[in-house]
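Dear colleague,

Please find the structure below, handed over for your study. A short account of what was found in it follows.

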Amino acid sequence: PRLYGADSRIDDYMLQVYNKQNGEATYEGLSQSFLDIETDVLKCVGNDIQSRRYQPIYLSSCYNDKANKLTIDYLIDNCYANQAPIIKDPDGFIKRVKENLITELKNNEKLQHKDFDTIRPRIEEIFSNFNVVIRGHNDEKELIKANWQEVMRVDKPNFLQIYNADYDVSQSYMRYIELGGDPADLFTNPEIGKYVSLYCKSIRQYNGTYRPPREAKFKPTNEPQSYNTSSYTKILDMQVTHFGLRTKEQDSYKLDDTCRREIGFSKLDYSGVVDDVFRLPYVDFALTVEYNIRDVLLMPVLDLVLND
C-alpha cells in the first residue's frame, strides 16, 4: 500500500531492490513536506476558473518533517485586520499557537487512547517544537515563489503532500502566470531542469483541455491527476492517496471531516469571530494564520496515524 499510495514508479522500486542487493545507498530517511494556501475569494467571488484567476493568494505555508520546520509566507496588506501580532511579535504569536495545539492534543480522546502511545510523542514533538520561518511580502508573486521554492529548492523533500492538491497547485500555477511568472520558478529545481507537466482538473480547465470523467458522482479518485517536474520532489494529493486505498464512500471528503473521523481533530473554530471563513482575514488576520498553520500540521498527524 505504501508503494501504491505514494504513486512511486516501478523503476524507483527496482532501484531500491538493486541498492539492497549491491550494498548501495538505501532509501532510508525519506522526508516529506506538507503545503497549504489561502486565497482571497472575496476579491472575485466564485468557484469557477475564470473567477479563480483573479483570487489572490495571501498566505502560503509549508511544513518539512525532517527539519521539523514550518515556513509561513504572507501578504502584508492594510485591507487585512490584525496583522500586528505576526509582524510585531511573531515569537509570542507562535508560542500561543503551540500552546493551543498541545492543549487540544491532551484533550483529544482518540489520540490519548493507548493504541496511539507510540505515535503521540511524535505528534507532541511536531506541535511543541516546530521551528518557524515567517516572512511578510508586499508582492503576491514573490510570496508564491518564496513558499514553493522553500519546498522545491531548499527543503527538497522526497514527497510533497497536499490535501486536495488540485486546488493548491492549480491556484499557485494560475496566479503566478496571471502575475507574469513562469511556473518553472515554482515547481522545478534548476539543478535538474525546467520541465513542468501538471495534469489535474483545474489546470486543464484553465488551459481549455478539460473533459469530465464518465462517473459524475464526486469522489477524489474520479479525476486523474499527476504532477511531474524537474525536481527532487514528487507532489502527491493526500486526499486521493487516502481515499484511493479505501472503498467506503463518505458524505464528505474535506480535510476537516477526514481529520474528525480519523484523528479526532478538526479545523480551527472561527465561529465566534465570523460566519464565513473568507471574511476571516479581513477581521482577524492573525487567527487566519493560525487556521492555516493548523491545516498544515494536521496533515503530518494524519499521515502518522494512517500510515498510507
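**Surroundings of N64**

Leaving aside residues up to four places away in sequence, N64 touches Q32, S33, K69, D155 and P157. Please keep in mind that the model is predicted. N64 belongs to strand 2, which covers residues 57–64. Its relative accessible area is 3%, so N64 is classed as buried, the cut-off for that class being under 20%. Two polar contacts of the N64 side chain may be noted. One joins the side chain of N64 to the side chain of S33, at 3.0 Å. In the other, the N64 side chain reaches the backbone nitrogen of K66 at 3.3 Å.

**Helix 14**

Helix 14 runs through residues 285–306. At 1.5 Å a residue, its 22 residues should span 32 Å, and because its end C-alpha atoms are 32 Å apart, the expected and computed values agree. The helix is mostly covered, with 22 of its 22 residues buried. At its start, a side-chain oxygen of D284 comes to within 3.3 Å of the backbone nitrogen of A286. Just after helix 14, N307 adopts a positive phi of about 50 degrees.

**Cysteines**

How many disulfides does the structure hold? The number is 0. Two cysteines may be set side by side here. C44 has a relative accessibility of 23% and therefore counts as partly exposed, whereas C200, at 0%, counts as buried.

Yours sincerely,
A colleague

Technical notes. Residues numbered from 1 in each chain as written. Predicted model: local features only at pLDDT ≥ 70, side-chain atom pairs only at ≥ 80, totals over all residues. Heavy atoms only, no water. Disulfide = S-S within 2.5 Å. Buried < 20%, exposed > 50% of the residue type's maximum accessible area, 1.4 Å probe, protein only. Helix = DSSP H or I, 4+ residues; strand = E, 2+ residues; numbered from the N terminus. Polar contact = N/O pair within 3.5 Å; in protein donor to acceptor, adjacent residues only side chain to side chain. Contact = heavy atoms within 4.5 Å. Expected span 1.5 Å × (residues − 1).
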